[in-house]
Amino acid sequence: MATTRDAEIRKDVQTYYGQVLKKSADLQTNACVTAARPVPKHIREALQNVNEEVSLRYYGCGLVIPECLENCWILDLGSGSGRDCYALSQLVGEKGHVTGIDMTEGQVEVANKYIEYHMEKYGFQAPNVTFIHGYIEKLGEAGIKNESYDIVISNCVINLVPDKQQVLQEVYRVLKHGGELYFSDVYASLELPEEVRTHKVLRGECLGGALYWKDLAILAQKIGFCPPRLVTANFITVQNKELENMIGDCRFVSATFRLFKLPKTGPTKRCQVIYNGGITGHEKELIFDANFTFKKDETVEVDEETAAILKNSRFAQDFLIRPIGEKLPTCGGYTALEAKDIIKDPFKLAEGSDSAKSRSPPEAASGC
């Protein structure tokens with residue numbers, strides 16, 4: 001019975017993205033066009049190099065381009081028309097590779113149509129991007145092997161799949177040790193009633209399939225990921241009275257999280273770290289998530305979990321990591337690890353973001 005219902009949901013989503021939506025302006029909520037924090041110059045330039053038709057068919061809910069990408073192998077879940085893939089293919093360089101997988105055949109056709117166009121524009125001798133027609137909860141069927149990617153990204157797509165645990169399980173399988181899932185998605189403030197979860201437009205607009213935000217940490221722990229690290233969050237508005245009435249008291253946010261797959265090593269202690277400023281576009285400071293910002297040459301105390309991530313991921317080459325108490329060579333300041341509340345709730349972060357926006361000039365919160 002569940003399989004039949006999942007197939008129906010999948011068909012409805014394919015219809016919505018393949019036939020109902022023709023361009024971003026056709027969306028009835030801002031779930032897929034939420035504002036993001038200012039975009040680094042090198043990413044803005046990469047996005048500007050993407051073909052116009054590819055960009056017009058983009059329906060993502062935020063910018064999911066993480067840091068430290070040179071030579072990485074990246075998998076984009078629900079790559080759609082390929083906008084993010086083409087930007088990433090430029091950023092990883094000729095020695096890196098980007099694979100996009102999407103279940104909507106029409107979107108994959110648009111993406112494939114412009115491979116030669118982009119490789120010529122970037123001056124690459126051979127294509128470093130591939131597009132696959134397939135399902136993100138069935139990566140094995142699409143031929144994607146174990147531990148084959150450094151980074152997996154997803155932009156407002158996991159909510160469209162009924163079996164989110166299966167998606168995360170597959171991501172964990174294909175990530176290398178030290179790899180991460182960096183993804184933007186829609187989350188609900190409470191468990192959604194059946195009529196919201198099965199509503200065709202709400203499902204297509206990314207609200208009907210939204211995960212209750214607390215369930216993400218439960219799924220991550222069950223599968224083996226480190227606890228989710230919240231990066232950004234923005235409230236979603238619904239520009240349709242009928243849909244607003246159906247949603248009732250439930251609120252929605254578009255939030256970006258990082259999930260790391262670390263090797264099984266012994267316990268890590270709290271450490272002091274210095275960022276060397278070597279990441280392109282983040283030479284002066286690296287905003288790692290909502291709780292940690294690393295300024296170049298400044299010594300920062302980090303908790304056990306953050307230390308383990310920095311030590312065992314692609315970020316290791318960009319940090320000097322030492323036990324607390326050891327004297328470090330630094331010309332910057334020193335930030336002690338305070339006994340503060342770590343922000344994990346995306347709704348709490350979104351409230352703070354809204355307050356900040358009201359105090360800032362309009363240009364401070366640019367769209368992606």
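Cys 156 counts as buried, with a relative accessibility of 3%. In this predicted model, that cysteine sits in the loop between strand E4 (149-155) and helix H7. Its backbone deserves a look too: phi of Cys 156 is positive, at about 60°, although the residue is not a glycine. If you have the structure open, start at the end of E4 and step into the loop that leads on to H7.

A second cysteine makes a good companion to this one. Cys 68 belongs to the loop between helix H3 (52-56) and strand E1 (73-77). Here phi is near 60°, again a positive value in a residue other than glycine. Is Cys 68 buried or exposed? The relative accessible area of Cys 68 is 8%, and because anything under 20% is classed as buried, Cys 68 is buried.

From the loop that holds Cys 156, you can carry on into H7 and arrive at an internal space. The model has three cavities of 30 Å³ or more, and the one to visit here is the second largest, with a volume of about 70 Å³. Which elements supply at least two residues each to its lining? They are helix H7 (164-174), strand E5 (175-188) and helix H10 (213-223). E5 gives the largest share, with four residues.

It helps to pick out the lining residues by name. Along the chain, the lining of the second largest cavity takes in Ile 158 and Asn 159, then Lys 164 and Leu 168, and then Phe 183, Asp 185, Val 186 and Tyr 187. Leu 211, Leu 216 and Leu 219 complete the list. What is the chemical make-up of this wall? Eight of the lining residues are nonpolar, one is polar and two are charged. Lys 164 and Asp 185 are both in the lining, and because Asp, Glu, Lys and Arg count as charged, these two residues are the charged ones.

Now step back to the chain as a whole. Its secondary structure comprises 13 helices and 14 strands. The protein chain has 368 residues, and 53% of them count as buried; Cys 68 and Cys 156 are among the buried residues. Contacts tell you how the chain is connected: taking those with a separation of 6 or more, 81% are between residues 24 or more positions apart. Finally, there is the outside to consider. The accessible surface of the protein chain is about 16,800 Å², and carbon and sulfur atoms account for 51% of that area.

Definitions and conventions. Residues are numbered from 1 along each chain as its sequence is written. This is a predicted model: local features need pLDDT of at least 70, side-chain atom pairs count only at pLDDT 80 or more; totals for chains, interfaces and linings use all residues. Side-chain values use heavy atoms; hydrogens and water are left out. On a 1 Å grid over the protein atoms alone, a cavity is a set of points where a 1.4 Å probe fits but cannot get out, and a pocket is an open set with protein on both sides within 12 Å along at least five of seven lines; lining residues have an atom within 4 Å of a point. Grid points are joined across faces, edges and corners, and a volume is the space filled by probe spheres set on the points. Buried means under 20% relative accessible area, exposed over 50%, partly exposed in between (1.4 Å probe, protein chains only). Contact means heavy atoms within 4.5 Å. Accessible areas come from the Shrake-Rupley method with a 1.4 Å probe; for residues, only the protein chains shown count as cover.
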